[in-house]
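Work through the following exercises with the structure open beside you, and try each task before you read its solution.

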Amino acid sequence: MGKKSKTGLDPRYPSIDDLRNKAMQKIPKFAFEYLDGGCNEDVNLRKNTAEIREVELLPYYLSKHTESVMKTELFGHTYDAPFGIAPVGLQGLMWPNAPEILAKAAFEHNIPFVLSTVSTSSIERISEITEGNAWFQLYHPAENSLRDDIIKRAAAAECPVLVILCDVPTFGFRPRDIRNGLAMPPKMSVKNILQIMGKPEWAMKTLIHGQPSFETLKPYMPKGLDLKQLGKFMDQTFSGRLNEEKIKPIRDMWKGKLVLKGVANEADAEKAVRLGIDGVIVSNHGGRQLDAGESTIKPLCRIAEKYSNQLTVMMDSGIRSGPDVARALASGAKFTFMGRSFMYGVSALGNNGGNHTISLLKTELQQVMEQICCERVSDFPNHLIKK
Ligand SMILES: Cc1cc2nc3c(=O)[nH]c(=O)nc-3n(C[C@H](O)[C@H](O)[C@H](O)COP(=O)(O)O)c2cc1C
């Protein structure tokens, strides 16, 4: 651990970019490129952050200011900050034990942690760490019996929010992963072994924690699958294409809050309202699915304007700083999520990565709020410069 600054931050990493650079040094290339990349030519990946950063905020320096508070009420819970940790698959491949490290940090900071179906810790373990506060993201199973079983487990684990995903009807086309022959567990090609040998801490920690595996799915997987069989199992088990017929029974069965993630236009938001969904995450999966699509800030503005009174409108994709969170909130998001930012943090700093990244984002966001004289998160839209 480096020396701590007054804010509790490690002064060597005062930005998400610093954490990204450190993560690149610490983890094998195949794992870093899986985390860092978008799809095809990475056009949408770059646009996500670039276009959020075109949003400008107005400061009101002479206004009366008492205090700036970033606590945010969402689905009946008051979180300490208006951002959470988005679901990320294969987390333990990037850094051993990553989902548990991040879930613990999220719990301690009182922000939401969302566990992916294909993460490397189980629903039950993450629920234990977060005392039943973690959300769960469901990849849609092909078989109804599997769907029902996983939903029952999420309910038994007391997850308050179930997130269903509509933006993965097909696997994204990701040239780096194809070149790297990315597989779970990692393929032991000569190239990959050489990459692992160059990252001794990652290799040692992976040895200690064991090879990452899909812990939530373990009960349904035949034992001893080789790589080819594992790929076939995943293809047969999940059918990512969501539609209204598939959502209806989930809505009937799930008594908690239901969130649709991956919404990218008003027509799907309209359907979400009709289906009785509680909230949407306007998202393009961090630019990993449709390179020719819009950056998320654009549909966010349209969807928030039209549906904020019927749905809780949230957003992810491209957010890399406190000012970015502020820009998204000013553009109409009630809450925001980040995927890569937290994974860079945990890959760079291990056990302290979650805590450091959350503290960094909170410090930056607090500074923006005080700078522009914004006392409550809900006041951000009053600071938006409309173009
Ligand atoms: C490596 C990686 C794996 C992901 N896996 C999942 C997943 O399993 N389920 C899911 O709903 N979203 C997944 N996402 C998308 C994130 O939940 C989130 O939408 C995205 O990371 C937001 O963009 P950002 O990384 O720019 O913050 C993944 C994203 C990344 C970077």
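**Exercise 1.** Which residues of helix 14 (residues 297-307) are buried, and what covers them?

*Solution.* Keep in mind from the start that this is a predicted model. Going along helix 14, the residues to mark as buried are Ile297, Pro299, Leu300, Ile303, Ala304 and Tyr307. When you then look down the axis of helix 14, these buried residues fall within an arc of 150°, so they line one face of the helix. As a last step, look for what lies over them: the cover of the buried residues of helix 14 includes helix 3 (43-52), helix 13 (266-274) and helix 15 (322-330), together with strand 7 (257-263), strand 8 (279-282) and strand 9 (312-315).

**Exercise 2.** Describe the order and the pairing of the strands in the open sheet, and find the strands at its edges.

*Solution.* The open sheet is formed by 8 strands, which follow one another in the order 3-10-9-8-7-6-5-4 with parallel pairing. At the edges stand strand 3 (83-85) and strand 4 (114-116), and each has a single partner strand, so one side of each is left without a neighbour in the sheet. On average, and with direction ignored, neighbouring strands of this sheet are turned by 30° against each other. For strand 3 the partner is strand 10 (residues 335-338), to which 3 bridges join it in the parallel sense, and here Phe83 is found opposite Thr336 of strand 10.

**Exercise 3.** Examine strand 8 and state which of its residues are buried on each face.

*Solution.* Begin with a general point: in a regular strand the side chains alternate between the two faces of the sheet. In strand 8 both faces are covered, with Gly279 and Ile281 buried on one side and Val280 and Val282 buried on the other. Strand 8 runs parallel to strand 7, and 4 bridges join the two; Ile281 of strand 8 is the bridge partner of Lys261. Helix 13 lies across strand 7 and strand 8, and it runs at about 165° to strand 7.

**Exercise 4.** Which of the residues around the ligand come nearest, and which elements give two or more residues to the shell?

*Solution.* There are 24 residues around the ligand, and those that come nearest are Ala86, Gly89, Ser116, Gly286 and Gly339. Two or more residues of the shell come from helix 2 (29-36), and likewise from helix 16 (340-349). Sorted by class, the shell holds 9 nonpolar, 11 polar and 4 charged residues. Helix 2 has the buried residues Phe30, Ala31, Phe32, Tyr34 and Leu35, and the elements against which these pack include helix 1 (16-26) and helix 16.

Key. Residues are numbered from 1 along each chain as its sequence is written. This is a predicted model: local features need pLDDT of at least 70, side-chain atom pairs count only at pLDDT 80 or more; totals for chains, interfaces and linings use all residues. A residue is near a molecule or strand if its C-beta atom, placed from the backbone, lies within 6 Å of it. Helices (H or I, at least four residues) and strands (E, at least two) are DSSP runs, numbered from the N terminus. Ala, Val, Leu, Ile, Met, Phe, Trp, Tyr, Cys and Pro count as nonpolar, Asp, Glu, Lys and Arg as charged, and the others, Gly among them, as polar. A residue is buried if 20 or more other C-beta atoms lie within 10 Å of its own, exposed if 12 or fewer, and partly exposed in between; C-beta atoms are placed from the backbone. The arc is that of the directions from the helix axis to the C-beta atoms. Two residues are in contact if their C-beta atoms, placed from the backbone, lie within 7 Å. Two strands pair if DSSP finds at least two bridges between them. Axes are lines fitted to C-alpha atoms, for helices over the stretch in contact, and angles run from 0 to 180 degrees between N-to-C directions.
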